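I set out to go through one structure and note what I looked up, beginning with its pockets and going on to its aromatic rings.

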Amino acid sequence: MKNILNLAKTTLLWLSFTGLINFSTAIGQDVANYKNTVSIIPMPMEVKNLPGEFKITTATKIYVDPQNAELKNLANMLSKHLKTFNYQVPVIERKGAEAERNAIILTVSKSPSELGKEGYKLLVSPQRIIAKATDPQGVFYAMQSVYQLLPAFPTASVSIPAMEVADQPRFGWRGMMLDVGRHFYPIDFVKKFIDYLAMYKMNSFHWHLTEDQGWRIQIKKYPKLTQVAAWREGTLIGAYTRDNQKFDNMRYGGFYTQDQIREVVAYAKERYINVVPEIEMPGHAVAALTAYPELSCTGGPFKVAQTWGVFDDVYCAGNEATFTFLQDVLSEVVELFPGKLIHIGGDESPKTRWKACPKCQARIKAEGLKDEHELQSYFIKRIENFLLTKNKNIIGWDEILEGGLAPNASVMSWRGVSGGIAAAKQKHEVVMSPNSHLYFDHYQGRPALEPHAIGGFTTLEKVYSYEPVPAELSKEEAKYIKGAQANLWTEYIPTTQKVEYMIMPRMAALAEVVWTQPQLKDYNNFAYRMNKEYERYEAKGINYSRSAFNVLPAVTIDSAAQKEKVSLRVLNYPASIYYTVDGTEPSLASAAYTVPFEVDKPVTIKAASFTEGKQVGKTVTYTVTIPEKKQSGL
């Protein structure tokens with residue numbers, strides 16, 4: 001979850017990654033296959049293209065069902081969006097407006113629908129647009145599709161192609177986690193992050209609010225959490241190393257007031273997004289222990305962590321004051337977040353202090369526990385029992401399985417998929433979030449061409465390839481997989497601009513993973529639709545990554561024959577690759593890549609992708625060094 005395994009792997013050899021990726025078939029299909037593809041992400045369940053188009057004019061009106069505050073709010077959002085195209089579109093409350101012409105109708109039908117609460121139907125004809133659902137939430141998702149069908153930039157004429165769409169999500173949990181403990185982001189950006197989730201029809205915002213490096217939520221009963229624990233006296237400079245660490249020695253931090261928390265929760269609710277707060281325990285608690293050292297096993301003193309990793313100092317499980325503190329904290333937290341779940345962390349909690357702590361050992365003996373792992377289970381179950389009195393359930397990282405899972409707990413599986421499988425087999429709800437595919441703090445292209453990241457390698461295509469339901473589960477067990485989310489840990493993400501770079505466009509790929517039925521997924525089709533999304537990013541000023549435009553080299557080494565076979569790929573579509581083997585810059589006059597080629601002498605390969613005659617990716621350089629032929633021994 002916190003990538004501690006990656007901390008020492010930030011400079012891995014590029015070729016070590018290539019064998020781990022199951023690349024799709026080479027991009028070379030006829031682009032005409034996708035000419036009629038509707039550019040909606042995530043791909044809807046059913047789309048039927050119709051003749052004609054609906055044109056926005058000065059006479060266009062938006063109609064909503066009367067006395068429906070939610071629909072009226074959605075209509076006002078749509079009207080505000082259309083103002084960016086210089087159209088003043090009024091909102092009118094009228095029952096039975098579906099026959100109106102030059103109209104956009106947002107309506108809720110009370111009749112049962114096979115599309116469920118989040119599903120919708122969208123009918124676009126030359127006369128009108130009708131967005132219909134059984135609940136305003138479905139209408140909201142229909143609106144997101146309408147936004148994607150509009151031009152990315154303001155134009156003189158605005159129209160939407162005629163079509164019929166019937167759509168519903170595959171999973172009920174579709175979301176992302178933002179870590180604000182390592183680096184803190186202003187409230188306006190948190191709202192923008194929520195807007196991005198809404199843009200892709202996601203419904204869960206996991207807000208990681210406490211960490212070793214900073215406590216970010218105001219708790220009125222414990223003022224030192226924001227006076228002391230929210231601030232560190234410096235931050236690690238550069239990549240994590242165990243030796244020769246350097247710090248900027250600048251005071252850094254921040255926190256959200258309870259009023260700001262309410263503001264964010266209300267903002268998310270308007271966009272049908274549930275906010276799940278995470279209050280870490282029993283580990284990742286150094287910031288809190290700095291403010292209240294009496295809650296530790298040793299008594300401190302401590303200082304808010306300036307570097308990354310896992311720390312031995314955790315909440316003392318043998319101290320009753322620990323549980324009093326956490327219950328007080330959670331009592332204030334549950335009043336701020338109306339959702340059913342509270343995330344309590346539970347990950348990466350070393351047992352070093354507990355093993356040496358007389359209070360913890362006494363607790364183990366008094367409770368008849370076998371070891372410190374069962375002590376952690378005791379800790380988690382005790383917190384669960386308290387939250388049940390507040391009508392809340394817990395969710396935690398997959399370490400909460402160790403020592404026995406709390407009866408009503410949900411599990412977020414991050415260390416691969418095994419934790420999710422184990423929890424589902426025990427009939428506990430699961431959110432899949434494996435670091436193999438859904439950690440957006442990982443590199444998304446060749447490290448040499450990317451800003452510094454914690455490690456790993458998660459391309460746009462690799463995210464898209466993820467299947468949340470493990471094959472090991474039976475049909476009945478698979479029902480406990482509630483969905484998936486991606487995580488953005490922020491050790492090396494100090495700015496909001498870099499947050500955007502790390503999540504876009506991978507968030508779009510995630511959206512299709514959690515919304516679209518697997519039989520409808522096609523990476524090249526997705527990559528084709530992304531071309532319009534890139535235009536939207538440009539129009540919105542989103543600092544998105546163009547890593548998918550950069551060539552990915554893969555090399556097979558044949559030591560015996562003293563040669564290497566070089567393959568080149570690019571993840572945007574359509575695109576052509578041009579390359580050189582003499583170290584010169586590639587251009588349209590260079591060799592066009594079609595099939596893997598062999599090299600039997602040292603050369604410097606340079607390659608780049610081109611679309612419509614223009615270079616769209618960075619130039620990638622790879623130097624071939626032919627291995628020496630092994631000599632046979634006597």
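How much space lies in the largest pocket? I keep in mind that this is a predicted model, and I note a computed value of about 830 Å³ for the largest pocket.

**Entry 1, the largest pocket.** I looked up the lining and found 24 residues, with M77, H81, Y147, D195 and K540 lying nearest the centre of the pocket. I then asked which helices supply at least two residues each to this lining, and I recorded α2 (69-83), α3 (136-149), α4 (187-199) and α17. Of the contributing elements, α4 gives the most, with five residues. Sorted by class, the lining of the largest pocket has 14 nonpolar, four polar and six charged residues.

**Entry 2, the second largest pocket.** Here I noted a volume of about 590 Å³ and a lining of 25 residues, of which N531, E535, P574, T611 and E612 lie nearest the centre. Helix α17 turns up again, supplying at least two residues of this lining, as do β22 (576-580) and β25 (603-611). The most comes from α17, which gives seven residues to the lining of the second largest pocket. By class I wrote down 11 nonpolar, six polar and eight charged residues for this lining.

**Entry 3, aromatic pairs.** I searched the whole structure for aromatic pairs and obtained 32 of them. For W397 and W489, I found the ring centres 5.7 Å apart and the planes at 50°; I call the pair tilted because this angle is neither under 30 degrees, as for stacked, nor over 60, as for edge-to-face. Which parts of the chain does this pair tie together? W397 belongs to strand β16 (residues 393-397), whereas W489 sits in the loop between β19 (481-488) and α15 (496-503), so the pair ties together parts that are 92 residues apart in sequence. I also checked exposure: W397 is buried, with a relative accessible area of 0%, and W489 counts as buried at 0% relative accessibility.

I next took up Y534 and Y537, whose rings lie 6.2 Å from centre to centre with 70° between the planes, an edge-to-face pair. Both tyrosines are in helix α17 (residues 523-540), and being three residues apart there, Y534 and Y537 are separated by about one helical turn. Are these two side by side in the helix buried or exposed? I have Y534 as buried at 6% relative accessibility, and Y537 as buried with a relative accessible area of 0%.

I also followed ring pairs outward and found that they link F184, F193, F205, W207 and Y256 into a cluster.

**Entry 4, charges over rings.** I looked for charged groups over aromatic faces and noted K201, which lies over the face of W515 at 5.8 Å from the ring centre. I noted R546 too, lying over the face of F549 at 4.2 Å from the ring centre.

**Entry 5, a histidine.** Where is H437 found? I located H437 in the loop between β18 (430-432) and α13 (460-464), and at 18% relative accessibility H437 counts as buried, because the cut-off is under 20%. Leaving aside neighbours within four places in sequence, I listed T458, K462, V463, S465 and Y466 as the residues in contact with H437.

Notes:
Residues are numbered from 1 along each chain as its sequence is written. This is a predicted model: local features need pLDDT of at least 70, side-chain atom pairs count only at pLDDT 80 or more; totals for chains, interfaces and linings use all residues. Side-chain values use heavy atoms; hydrogens and water are left out. Rings of Phe, Tyr and Trp (its six-membered ring) pair if their centres lie within 6.5 Å; planes under 30 degrees apart count as stacked, over 60 as edge-to-face and the rest as tilted. Helices (H or I, at least four residues) and strands (E, at least two) are DSSP runs, numbered from the N terminus. Buried means under 20% relative accessible area, exposed over 50%, partly exposed in between (1.4 Å probe, protein chains only). A charge sits over a ring if NZ of Lys or CZ of Arg is within 6 Å of the ring centre and within 35 degrees of the ring normal. Contact means heavy atoms within 4.5 Å. On a 1 Å grid over the protein atoms alone, a cavity is a set of points where a 1.4 Å probe fits but cannot get out, and a pocket is an open set with protein on both sides within 12 Å along at least five of seven lines; lining residues have an atom within 4 Å of a point. Grid points are joined across faces, edges and corners, and a volume is the space filled by probe spheres set on the points. Ala, Val, Leu, Ile, Met, Phe, Trp, Tyr, Cys and Pro count as nonpolar, Asp, Glu, Lys and Arg as charged, and the others, Gly among them, as polar.
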